[in-house]
Amino acid sequence: LFRKELDEQFEQEIMRHLDAAYNLSLWLLRDPHDAEDATQSALYKAFRAFGRMRGNDAKPWLLAIVRNECMDVLQARSVRNRLEYPTEEILDFAETTELDPEESAMQTLDAQTVVAAINQLPPEFREVIMLREIEELSYREIAHVIGKPIGTVMSRLARARSRLQVMLTAGGECL
Amino acid sequence: VKCEFTRRLIDAYMDSELDSPNAIEVEAHLAECDKCRQILEARQELSKAIKLAAGYVQAPAGLRTQIRRETHIKRRFRFGPVTTGIAFAVGVVLVLAFWRPWPSEQDRIIGDVLSQHETSVSTGHLVDVASADPKIIQAWFSNKLGYSPSVPALNKEGFELVGGRLGLVQGHSVPVVVYAHKQRKIDIFITPSGESSATDADREGIHVRSWNDCGVDYRAVSNDTPSDLSNLHKEFLIHK
(Lines give C-alpha, C1' and ligand atoms only; values in the text may rest on other atoms or scores of the structure.)
Protein backbone atom coordinates (compact mmCIF):
# COMPACT_ATOMS: atom_id res chain seq x y z
CA LEU A 1 0.00 0.00 0.00
CA PHE A 2 2.74 2.35 1.05
CA ARG A 3 4.72 1.44 -2.02
CA LYS A 4 1.86 2.09 -4.39
CA GLU A 5 1.51 5.52 -2.88
CA LEU A 6 5.20 6.09 -3.41
CA ASP A 7 4.87 5.10 -7.07
CA GLU A 8 2.03 7.53 -7.64
CA GLN A 9 4.11 10.20 -5.97
CA PHE A 10 6.99 9.38 -8.27
CA GLU A 11 4.76 9.81 -11.28
CA GLN A 12 3.37 13.10 -9.99
CA GLU A 13 6.49 14.69 -8.58
CA ILE A 14 9.29 13.32 -10.72
CA MET A 15 7.91 12.26 -14.09
CA ARG A 16 6.36 15.67 -14.66
CA HIS A 17 9.88 17.11 -14.64
CA LEU A 18 11.04 14.70 -17.32
CA ASP A 19 11.07 17.44 -19.95
CA ALA A 20 13.20 19.64 -17.71
CA ALA A 21 15.54 16.72 -17.07
CA TYR A 22 15.83 16.01 -20.77
CA ASN A 23 16.41 19.65 -21.70
CA LEU A 24 19.14 20.04 -19.11
CA SER A 25 20.84 16.87 -20.38
CA LEU A 26 20.52 18.09 -23.93
CA TRP A 27 22.04 21.45 -23.12
CA LEU A 28 24.88 19.97 -21.15
CA LEU A 29 25.69 17.09 -23.49
CA ARG A 30 24.63 18.65 -26.82
CA ASP A 31 23.78 15.23 -28.20
CA PRO A 32 20.21 13.89 -28.30
CA HIS A 33 21.29 10.28 -27.95
CA ASP A 34 23.59 10.90 -24.99
CA ALA A 35 20.98 13.17 -23.45
CA GLU A 36 18.38 10.44 -23.68
CA ASP A 37 20.72 7.89 -22.10
CA ALA A 38 21.73 10.24 -19.30
CA THR A 39 18.13 11.22 -18.59
CA GLN A 40 17.08 7.61 -18.47
CA SER A 41 19.77 6.48 -16.09
CA ALA A 42 19.23 9.59 -13.93
CA LEU A 43 15.53 8.78 -13.71
CA TYR A 44 16.30 5.21 -12.64
CA LYS A 45 18.60 6.52 -9.96
CA ALA A 46 15.90 8.94 -8.90
CA PHE A 47 13.40 6.11 -8.77
CA ARG A 48 15.62 4.05 -6.50
CA ALA A 49 16.45 7.02 -4.26
CA PHE A 50 12.97 8.52 -4.31
CA GLY A 51 11.96 7.06 -0.96
CA ARG A 52 14.89 8.86 0.62
CA MET A 53 14.10 12.26 -0.91
CA ARG A 54 13.85 14.93 1.77
CA GLY A 55 11.64 17.97 1.54
CA ASN A 56 9.38 18.76 -1.36
CA ASP A 57 11.84 20.29 -3.80
CA ALA A 58 11.45 17.48 -6.28
CA LYS A 59 12.58 19.48 -9.29
CA PRO A 60 15.99 20.65 -8.03
CA TRP A 61 16.46 17.24 -6.43
CA LEU A 62 15.88 15.51 -9.76
CA LEU A 63 17.89 18.04 -11.74
CA ALA A 64 20.82 17.54 -9.35
CA ILE A 65 20.82 13.84 -10.22
CA VAL A 66 20.53 14.59 -13.92
CA ARG A 67 23.28 17.18 -13.72
CA ASN A 68 25.66 14.78 -11.97
CA GLU A 69 24.89 12.11 -14.53
CA CYS A 70 25.72 14.55 -17.34
CA MET A 71 28.91 15.72 -15.65
CA ASP A 72 30.03 12.09 -15.44
CA VAL A 73 29.40 11.73 -19.16
CA LEU A 74 31.28 14.95 -19.91
CA GLN A 75 34.18 13.83 -17.78
CA ALA A 76 34.32 10.48 -19.52
CA ARG A 77 34.25 12.32 -22.82
CA SER A 78 37.05 14.67 -21.88
CA VAL A 79 39.20 11.77 -20.74
CA ARG A 80 38.48 10.08 -24.05
CA ASN A 81 39.22 13.23 -26.01
CA ARG A 82 42.47 13.80 -24.16
CA LEU A 83 43.45 10.27 -25.06
CA GLU A 84 42.43 10.65 -28.68
CA TYR A 85 43.49 14.21 -29.39
CA PRO A 86 46.12 15.02 -26.82
CA THR A 87 47.43 18.11 -28.57
CA GLU A 88 44.19 19.74 -29.67
CA GLU A 89 43.53 22.98 -27.87
CA ILE A 90 40.19 24.39 -26.98
CA LEU A 91 39.22 26.85 -29.65
CA ASP A 92 38.84 30.43 -28.66
CA PHE A 93 35.30 31.46 -29.25
CA ALA A 94 36.17 34.86 -30.68
CA GLU A 95 37.77 33.14 -33.65
CA THR A 96 34.81 30.96 -34.45
CA THR A 97 32.00 33.49 -34.25
CA GLU A 98 30.81 34.92 -37.48
CA LEU A 99 29.51 38.09 -35.99
CA ASP A 100 29.93 41.34 -37.76
CA PRO A 101 31.76 43.60 -35.27
CA GLU A 102 29.50 46.49 -36.07
CA GLU A 103 26.39 44.50 -35.36
CA SER A 104 26.39 44.77 -31.61
CA ALA A 105 22.74 45.21 -30.72
CA MET A 106 21.25 42.22 -28.94
CA GLN A 107 17.89 42.44 -30.66
CA THR A 108 19.34 41.53 -33.98
CA LEU A 109 20.86 38.32 -32.71
CA ASP A 110 19.35 35.28 -34.27
CA ALA A 111 18.57 32.23 -32.22
CA GLN A 112 21.26 30.15 -33.85
CA THR A 113 24.01 32.54 -32.81
CA VAL A 114 22.77 32.68 -29.23
CA VAL A 115 22.59 28.90 -29.03
CA ALA A 116 26.04 28.62 -30.54
CA ALA A 117 27.38 31.07 -27.97
CA ILE A 118 25.79 29.18 -25.08
CA ASN A 119 27.24 25.96 -26.41
CA GLN A 120 30.67 27.51 -26.41
CA LEU A 121 30.50 28.12 -22.66
CA PRO A 122 32.16 25.62 -20.37
CA PRO A 123 29.57 23.26 -18.85
CA GLU A 124 29.83 24.93 -15.42
CA PHE A 125 28.64 28.18 -16.95
CA ARG A 126 26.20 26.57 -19.34
CA GLU A 127 24.34 24.83 -16.58
CA VAL A 128 23.75 27.93 -14.46
CA ILE A 129 22.53 29.82 -17.53
CA MET A 130 20.12 27.03 -18.44
CA LEU A 131 18.87 26.52 -14.89
CA ARG A 132 18.27 30.25 -14.47
CA GLU A 133 16.98 31.35 -17.86
CA ILE A 134 15.16 28.27 -19.05
CA GLU A 135 14.13 26.44 -15.90
CA GLU A 136 13.82 29.72 -13.98
CA LEU A 137 15.06 28.18 -10.77
CA SER A 138 15.94 30.39 -7.82
CA TYR A 139 19.57 30.78 -6.82
CA ARG A 140 18.93 28.53 -3.85
CA GLU A 141 17.55 25.81 -6.11
CA ILE A 142 20.44 26.17 -8.54
CA ALA A 143 22.83 25.88 -5.59
CA HIS A 144 21.09 22.63 -4.69
CA VAL A 145 21.40 21.29 -8.23
CA ILE A 146 25.07 22.06 -8.72
CA GLY A 147 26.00 21.35 -5.11
CA LYS A 148 27.70 24.72 -4.56
CA PRO A 149 26.98 27.68 -2.25
CA ILE A 150 24.59 30.42 -3.37
CA GLY A 151 27.51 32.85 -3.59
CA THR A 152 29.10 30.62 -6.20
CA VAL A 153 25.86 30.51 -8.15
CA MET A 154 25.67 34.27 -8.14
CA SER A 155 29.23 34.83 -9.33
CA ARG A 156 29.09 32.05 -11.91
CA LEU A 157 25.89 33.37 -13.36
CA ALA A 158 27.32 36.90 -13.55
CA ARG A 159 30.47 35.64 -15.23
CA ALA A 160 28.53 33.42 -17.60
CA ARG A 161 26.34 36.31 -18.71
CA SER A 162 29.29 38.63 -19.10
CA ARG A 163 31.00 36.08 -21.25
CA LEU A 164 27.94 35.62 -23.38
CA GLN A 165 27.63 39.34 -23.84
CA VAL A 166 31.25 39.56 -24.86
CA MET A 167 30.79 36.77 -27.36
CA LEU A 168 27.56 38.08 -28.80
CA THR A 169 28.73 41.62 -29.22
CA ALA A 170 32.11 40.44 -30.48
CA GLY A 171 33.98 42.52 -27.96
CA GLY A 172 31.77 45.54 -28.42
CA GLU A 173 30.90 46.06 -24.82
CA CYS A 174 33.08 44.81 -22.02
CA LEU A 175 32.00 44.14 -18.51
CA VAL B 1 32.69 52.80 -6.33
CA LYS B 2 28.95 52.76 -6.58
CA CYS B 3 29.17 51.52 -10.15
CA GLU B 4 31.48 48.72 -9.17
CA PHE B 5 29.13 47.71 -6.38
CA THR B 6 26.14 47.82 -8.69
CA ARG B 7 27.77 45.86 -11.47
CA ARG B 8 28.77 43.14 -9.07
CA LEU B 9 25.17 42.75 -7.92
CA ILE B 10 23.38 43.55 -11.13
CA ASP B 11 22.64 39.94 -12.05
CA ALA B 12 21.23 39.13 -8.62
CA TYR B 13 19.21 42.35 -8.81
CA MET B 14 17.77 41.41 -12.18
CA ASP B 15 16.96 37.92 -10.93
CA SER B 16 15.25 39.35 -7.82
CA GLU B 17 17.69 37.53 -5.63
CA LEU B 18 19.02 40.51 -3.68
CA ASP B 19 18.01 41.15 -0.11
CA SER B 20 16.12 44.44 0.25
CA PRO B 21 18.89 46.69 1.68
CA ASN B 22 21.15 45.83 -1.27
CA ALA B 23 18.28 46.00 -3.73
CA ILE B 24 17.31 49.47 -2.55
CA GLU B 25 20.89 50.63 -2.86
CA VAL B 26 21.25 49.22 -6.38
CA GLU B 27 17.96 50.70 -7.43
CA ALA B 28 18.92 54.12 -6.11
CA HIS B 29 22.17 54.00 -8.05
CA LEU B 30 20.48 52.85 -11.25
CA ALA B 31 18.14 55.83 -11.09
CA GLU B 32 21.06 58.22 -11.34
CA CYS B 33 23.64 56.31 -13.46
CA ASP B 34 22.93 55.94 -17.18
CA LYS B 35 25.89 53.66 -17.75
CA CYS B 36 24.79 51.14 -15.16
CA ARG B 37 21.23 51.30 -16.42
CA GLN B 38 22.47 50.47 -19.92
CA ILE B 39 24.29 47.51 -18.52
CA LEU B 40 21.13 46.29 -16.81
CA GLU B 41 19.18 46.70 -20.03
CA ALA B 42 21.81 44.80 -21.95
CA ARG B 43 21.54 42.02 -19.39
CA GLN B 44 17.79 41.94 -19.72
CA GLU B 45 18.09 41.80 -23.49
CA LEU B 46 20.49 38.92 -23.18
CA SER B 47 18.16 37.09 -20.84
CA LYS B 48 15.29 37.58 -23.27
CA ALA B 49 17.44 36.49 -26.20
CA ILE B 50 18.42 33.30 -24.42
CA LYS B 51 14.84 32.48 -23.52
CA LEU B 52 13.80 33.08 -27.12
CA ALA B 53 16.66 31.20 -28.67
CA ALA B 54 16.78 28.20 -26.44
CA GLY B 55 13.60 26.48 -27.45
CA TYR B 56 12.23 24.11 -24.93
CA VAL B 57 12.02 20.62 -26.36
CA GLN B 58 9.85 17.81 -25.16
CA ALA B 59 11.45 14.63 -23.97
CA PRO B 60 11.02 11.92 -26.63
CA ALA B 61 7.85 9.94 -26.05
CA GLY B 62 9.83 6.72 -26.30
CA LEU B 63 12.00 7.81 -23.39
CA ARG B 64 8.98 8.48 -21.24
CA THR B 65 7.37 5.11 -21.92
CA GLN B 66 10.69 3.34 -21.51
CA ILE B 67 11.21 4.85 -18.06
CA ARG B 68 7.63 4.10 -17.05
CA ARG B 69 8.00 0.52 -18.16
CA GLU B 70 11.35 0.00 -16.45
CA THR B 71 10.24 1.54 -13.17
CA HIS B 72 7.08 -0.52 -13.37
CA ILE B 73 9.10 -3.72 -13.72
CA LYS B 74 11.39 -2.67 -10.90
CA ARG B 75 8.39 -1.84 -8.80
CA ARG B 76 6.94 -5.27 -9.36
CA PHE B 77 10.14 -7.01 -8.35
CA ARG B 78 11.17 -4.61 -5.67
CA PHE B 79 11.16 -6.37 -2.34
CA GLY B 80 9.47 -4.74 0.60
CA PRO B 81 9.88 -6.21 4.09
CA VAL B 82 6.81 -8.42 3.71
CA THR B 83 7.83 -9.73 0.29
CA THR B 84 11.32 -10.43 1.54
CA GLY B 85 9.92 -12.34 4.51
CA ILE B 86 7.69 -14.43 2.29
CA ALA B 87 10.52 -15.13 -0.15
CA PHE B 88 12.72 -16.19 2.74
CA ALA B 89 10.04 -18.52 4.13
CA VAL B 90 9.50 -20.06 0.69
CA GLY B 91 13.24 -20.57 0.40
CA VAL B 92 13.41 -22.33 3.76
CA VAL B 93 10.51 -24.61 2.85
CA LEU B 94 12.09 -25.50 -0.48
CA VAL B 95 15.39 -26.32 1.17
CA LEU B 96 13.69 -28.50 3.76
CA ALA B 97 11.63 -30.26 1.10
CA PHE B 98 14.35 -30.96 -1.43
CA TRP B 99 17.61 -30.85 0.42
CA ARG B 100 19.74 -33.93 0.07
CA PRO B 101 23.10 -34.19 1.73
CA TRP B 102 26.10 -34.34 -0.54
CA PRO B 103 26.58 -38.05 -1.35
CA SER B 104 28.90 -39.44 1.29
CA GLU B 105 31.61 -42.02 0.71
CA GLN B 106 29.19 -44.68 1.98
CA ASP B 107 26.47 -43.53 -0.43
CA ARG B 108 28.85 -43.77 -3.35
CA ILE B 109 30.04 -47.24 -2.35
CA ILE B 110 26.46 -48.45 -1.95
CA GLY B 111 25.68 -46.95 -5.36
CA ASP B 112 28.61 -48.93 -6.82
CA VAL B 113 27.62 -52.27 -5.32
CA LEU B 114 23.94 -51.90 -6.13
CA SER B 115 24.52 -51.09 -9.78
CA GLN B 116 26.99 -53.97 -10.20
CA HIS B 117 24.60 -56.36 -8.53
CA GLU B 118 21.84 -55.29 -10.89
CA THR B 119 24.08 -55.53 -13.96
CA SER B 120 25.25 -58.96 -13.00
CA VAL B 121 21.67 -60.23 -12.51
CA SER B 122 20.27 -58.62 -15.63
CA THR B 123 23.11 -59.77 -17.92
CA GLY B 124 23.28 -63.23 -16.34
CA HIS B 125 26.98 -62.79 -15.80
CA LEU B 126 26.86 -64.04 -12.22
CA VAL B 127 30.45 -65.14 -11.66
CA ASP B 128 33.89 -65.07 -13.21
CA VAL B 129 34.79 -68.34 -11.56
CA ALA B 130 31.97 -70.82 -10.96
CA SER B 131 32.59 -73.28 -8.18
CA ALA B 132 31.10 -74.56 -4.96
CA ASP B 133 34.58 -75.23 -3.63
CA PRO B 134 35.99 -72.41 -1.45
CA LYS B 135 39.58 -73.44 -2.28
CA ILE B 136 39.12 -73.01 -6.03
CA ILE B 137 37.52 -69.60 -5.54
CA GLN B 138 40.27 -68.46 -3.15
CA ALA B 139 42.95 -69.64 -5.57
CA TRP B 140 41.29 -67.67 -8.36
CA PHE B 141 41.15 -64.46 -6.22
CA SER B 142 44.81 -64.88 -5.18
CA ASN B 143 45.73 -65.22 -8.83
CA LYS B 144 43.77 -62.12 -9.85
CA LEU B 145 44.30 -59.83 -6.87
CA GLY B 146 47.31 -61.21 -5.02
CA TYR B 147 45.20 -61.98 -1.99
CA SER B 148 42.00 -63.73 -1.14
CA PRO B 149 39.30 -63.18 1.43
CA SER B 150 37.98 -66.08 3.44
CA VAL B 151 35.25 -67.90 1.51
CA PRO B 152 33.23 -70.01 3.93
CA ALA B 153 31.10 -72.87 2.65
CA LEU B 154 27.63 -72.33 4.04
CA ASN B 155 25.68 -75.09 2.23
CA LYS B 156 24.40 -76.58 5.43
CA GLU B 157 23.07 -73.22 6.52
CA GLY B 158 21.12 -72.88 3.26
CA PHE B 159 23.53 -70.55 1.43
CA GLU B 160 24.94 -72.30 -1.59
CA LEU B 161 28.33 -71.11 -2.82
CA VAL B 162 28.08 -70.17 -6.49
CA GLY B 163 31.48 -68.70 -7.22
CA GLY B 164 33.48 -65.46 -7.30
CA ARG B 165 34.05 -62.49 -9.54
CA LEU B 166 35.81 -59.16 -9.51
CA GLY B 167 33.87 -56.07 -8.58
CA LEU B 168 34.76 -52.40 -8.82
CA VAL B 169 34.29 -50.20 -5.77
CA GLN B 170 35.48 -46.59 -5.92
CA GLY B 171 37.81 -47.47 -8.76
CA HIS B 172 39.42 -50.47 -7.06
CA SER B 173 39.06 -54.12 -8.02
CA VAL B 174 37.63 -56.04 -5.11
CA PRO B 175 36.59 -59.65 -4.55
CA VAL B 176 32.89 -60.49 -4.77
CA VAL B 177 31.78 -63.81 -3.31
CA VAL B 178 28.48 -65.07 -4.69
CA TYR B 179 25.99 -67.26 -2.85
CA ALA B 180 22.52 -68.42 -3.77
CA HIS B 181 19.68 -68.70 -1.30
CA LYS B 182 16.14 -69.80 -2.26
CA GLN B 183 16.85 -69.09 -5.97
CA ARG B 184 18.05 -65.62 -5.04
CA LYS B 185 21.55 -64.45 -5.63
CA ILE B 186 23.61 -62.78 -2.92
CA ASP B 187 26.77 -60.80 -3.77
CA ILE B 188 29.19 -60.10 -0.97
CA PHE B 189 31.52 -57.22 -1.81
CA ILE B 190 34.63 -57.27 0.31
CA THR B 191 36.63 -54.03 0.72
CA PRO B 192 39.15 -52.61 3.14
CA SER B 193 37.40 -50.54 5.80
CA GLY B 194 36.97 -46.88 4.92
CA GLU B 195 36.93 -43.87 7.23
CA SER B 196 33.27 -44.21 8.06
CA SER B 197 31.59 -47.43 9.09
CA ALA B 198 29.63 -49.37 6.48
CA THR B 199 25.88 -48.79 6.50
CA ASP B 200 22.84 -50.79 5.52
CA ALA B 201 20.60 -49.60 2.72
CA ASP B 202 17.42 -50.44 0.83
CA ARG B 203 16.89 -49.42 -2.77
CA GLU B 204 13.84 -50.54 -4.67
CA GLY B 205 13.62 -53.98 -3.16
CA ILE B 206 17.33 -54.66 -3.11
CA HIS B 207 18.92 -54.74 0.29
CA VAL B 208 22.46 -54.05 1.37
CA ARG B 209 23.55 -55.59 4.64
CA SER B 210 26.88 -54.25 5.78
CA TRP B 211 29.22 -55.29 8.51
CA ASN B 212 32.78 -54.83 9.51
CA ASP B 213 35.16 -57.49 10.67
CA CYS B 214 38.86 -57.05 11.44
CA GLY B 215 39.36 -54.01 9.22
CA VAL B 216 37.38 -55.40 6.32
CA ASP B 217 33.95 -54.22 5.16
CA TYR B 218 31.46 -56.78 3.90
CA ARG B 219 28.42 -55.71 1.91
CA ALA B 220 25.91 -58.39 1.13
CA VAL B 221 23.66 -57.27 -1.72
CA SER B 222 20.50 -59.15 -2.64
CA ASN B 223 16.79 -59.02 -3.21
CA ASP B 224 16.66 -61.67 -0.49
CA THR B 225 14.84 -60.57 2.65
CA PRO B 226 16.72 -58.53 5.21
CA SER B 227 16.32 -61.27 7.80
CA ASP B 228 17.92 -63.84 5.44
CA LEU B 229 20.80 -61.43 4.83
CA SER B 230 21.11 -61.02 8.55
CA ASN B 231 21.35 -64.82 8.86
CA LEU B 232 24.03 -64.92 6.22
CA HIS B 233 25.91 -62.23 8.09
CA LYS B 234 25.80 -64.37 11.25
CA GLU B 235 26.82 -67.63 9.55
CA PHE B 236 29.57 -65.87 7.61
CA LEU B 237 31.14 -64.64 10.82
CA ILE B 238 30.90 -68.08 12.43
CA HIS B 239 32.36 -70.01 9.52
CA LYS B 240 34.90 -67.69 8.00
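**Group meeting talk: a predicted model of chains A and B**

I begin with one pair of residues: B:Arg209 stands opposite B:Ala220 in strand S7 of chain B. The model I am presenting is a predicted one, and this pair leads us into the strands of chain B.

B:Arg209 lies in the region of strand S6 of chain B, which covers residues 206-213. Is S6(B) mostly covered, or mostly uncovered? It is mostly covered, for 6 of its 8 residues are buried. S7(B), residues 216-222, is joined to S6(B) by 7 bridges, and the two strands run antiparallel. Between these strands the hairpin has 2 residues, and B:Cys214 there takes a positive phi near 50°.

On the other side in sequence comes strand S5 of chain B, residues 201-203, which 3 bridges join to S6(B), again in an antiparallel arrangement. Here B:Asp202 has B:His207 of S6(B) as its bridge partner. The hairpin of S5(B) and S6(B) likewise has 2 residues between the strands, and B:Glu204 takes a positive phi near 50°.

Let me now turn to chain A. Its secondary structure comes to 9 helices and 0 strands. Of the 175 residues in chain A, 47% are buried. As for the contacts in chain A between residues at least 6 apart in sequence, 69% join residues at least 24 apart.

One helix of chain A deserves a closer look. Helix H8(A) spans residues 139-146 and is mostly covered, with 6 of its 8 residues buried. Which residues of H8(A) are the buried ones? They are A:Tyr139, A:Glu141, A:Ile142, A:Ala143, A:Val145 and A:Ile146. Just after this helix, A:Gly147 takes a positive phi of about 65°.

I come next to the nonpolar cores. In soluble globular proteins, nonpolar side chains tend to be buried together. The largest nonpolar core in this model has 74 residues, and A:Leu43, A:Trp61 and A:Leu164 are those with the most contacts inside it. Which helix gives the most to this core? Helix H4 of chain A, residues 58-84, does, with 9 residues. Leaving aside residues up to four places away in sequence, A:Leu43 touches A:Phe10, A:Ile14, A:Met15, A:Leu18, A:Ala21, A:Leu62 and, from chain B, B:Ile67. There is also a second, separate core of 19 residues, which includes B:Trp140, B:Leu161, B:Ile186 and B:Trp211.

The contact between A:Leu43 and B:Ile67 brings me to the interface. In total, 38 residues of chain B are in contact with 44 residues of chain A. The size of an interface is often given as the accessible area lost when the parts come together. Between chain B and chain A, the buried area is about 3,800 Å², and carbon and sulfur atoms give 61% of it.

How many salt bridges are counted between the two chains? The count is 8. One such meeting of side chains, at 4.0 Å from N to O, is the salt bridge of A:Arg132 and B:Glu17. Across the same interface, 19 residue pairs are in polar contact, with both residues at pLDDT 80 or more. On the side of chain B that touches chain A, helices H1 (2-14), H3 (34-53) and H4 (61-77) of chain B each supply at least two residues. H3(B) gives the most to that side, with 11 residues.

With that I close, and I thank the group for its attention.

How values were computed
Residues are numbered from 1 along each chain as its sequence is written. Chains are lettered from A and ligands numbered from 1 in the order in which they are written. This is a predicted model: local features need pLDDT of at least 70, side-chain atom pairs count only at pLDDT 80 or more; totals for chains, interfaces and linings use all residues. Side-chain values use heavy atoms; hydrogens and water are left out. Buried means under 20% relative accessible area, exposed over 50%, partly exposed in between (1.4 Å probe, protein chains only). Helices (H or I, at least four residues) and strands (E, at least two) are DSSP runs, numbered from the N terminus. Two strands pair if DSSP finds at least two bridges between them. A nonpolar core is a set of buried Ala, Val, Leu, Ile, Met, Phe, Trp, Tyr and Cys residues joined through side-chain atoms within 4.5 Å. Contact means heavy atoms within 4.5 Å. Buried area is the accessible area (1.4 Å probe) that two parts lose on being put together, summed over both. A polar contact is a pair of N or O atoms within 3.5 Å; within protein, one must be able to donate a hydrogen and the other to accept it, and residues adjacent in sequence count only if both atoms are side-chain atoms.
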